[in-house]
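Student: I'd like to go through this model with you, ligand first and then a bit of sheet. Can we take it in questions and answers?

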Amino acid sequence: MDTAIDDRTRMQSNQQGWNRRALAHLDSTYYDLDAFRAGKSSLRSLEKGALGDVSGKDFLHLQCHIGLNAISWARLGANVTAVDFADEALKIGRELADGLNTDITFVHANVFDLPQVLDGSFDIVYTDYGVLHLLPDLKAWAKVVAHFLRPGGVFHIAEIHPILAAVEEVDGVLRVRPERLPSGPLEDEVSATYGDGYDDVQHIESYKQYSWLWTIPEIMGALLEAGLQIRTFTEVPVDCRQRFSTMVRDEHDEGFWRLPGDPLPLSWTLSASKPE
Ligand SMILES: C[S@@+](CC[C@H](N)C(=O)[O-])C[C@H]1O[C@@H](n2cnc3c(N)ncnc32)[C@H](O)[C@@H]1O
């Protein structure tokens, strides 16, 4: 691991990688842009059920990637501002939104710099699936979330469960890793990006990805320290993609996969509010 570099440099490397992934995601089984353009929502039952009616709500989506979920929230009537630091991802999001006549404000920014870039406050701050492990400082992130919420406003997150870092698949069998991974920064040479199914990986020009393994107590602690009140927390045995070959599609929501027998929580959600 290169210890001589700082977190800004690590995030720049991630940014370059997420631009490469965004271009690969134009042709992705996970994002399925043809179905999306034809009107399919990219939202899953979990987040739709948690947020309920979003129409007329001022809605800030952090780390929106190529914008599918941001656009889906806007099609449910939310006034969406969507943020990401990968400019190629935002370009794709803008084109998709324009093609679907959906009005969204896309903001190109690192989430840590957002208070210097964006004015205003929101009824809902939202983020989902595969975001927190890319952030080097959760306390600073939680302050950004709190900064943009109106008094009485709600933060909602649906995220991949950190327990997944403790398991691996070897020859088709899931097992607990023999050693605990360090909390970070972890450095990985990444040369492929995810699809919906286990075998659907797409190769990309390789980059160094830096990540951090935040525990749920650390995440909750950061939000509480930023002044938010935690309202709900759930763990669910479903995953947003087929991460292990033995996973089967969820029978209730085709956007989810599960392990036979539901042995582990695979995702979690949390809602928190800013006091009036
Ligand atoms: C796994 S993707 C999120 C995927 C999203 N849930 C979806 O369904 O498309 C993570 C996103 O976080 C963005 N990102 C990572 N670190 C960031 C940062 N510090 N500021 C802004 N965006 C960041 C990446 O560019 C990428 O688009």
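Tutor: Sure, here come a few questions on the ligand and on one sheet. This is a predicted model, with local features needing pLDDT of at least 70 and side-chain atom pairs pLDDT 80 or more, while totals for chains, interfaces and linings use all residues. Residues are numbered from 1 along each chain as its sequence is written, and side-chain values use heavy atoms, leaving out hydrogens and water.

Student: How many residues surround the ligand?

Tutor: A residue counts if one of its heavy atoms lies within 4 Å of the ligand. The closest include Y31, H65 and D128. The total is 18 residues.

Student: Which polar backbone atom is 2.9 Å from a nitrogen atom of the ligand?

Tutor: A polar contact here is a pair of N or O atoms within 3.5 Å. On the side-chain front, D84 has a polar atom 2.6 Å from a ligand oxygen, and Q63 has one 3.2 Å from a ligand oxygen. The backbone atom you're after belongs to V111.

Student: How much of the ligand's 600 Å² does the protein bury?

Tutor: That area is what the ligand exposes when taken alone, by the Shrake-Rupley method with a 1.4 Å probe. The buried part is 97%.

Student: In the open sheet, what is the order of the 3 strands?

Tutor: Strands are DSSP runs (E, at least two residues), and two of them pair if DSSP finds at least two bridges between them. The pairing is antiparallel, and β11 (238-239) and β12 (248-249) are the edge strands. The order is β11-β13-β12.

Technical notes
Polar contact = N/O pair within 3.5 Å; in protein donor to acceptor, adjacent residues only side chain to side chain. Helix = DSSP H or I, 4+ residues; strand = E, 2+ residues; numbered from the N terminus.
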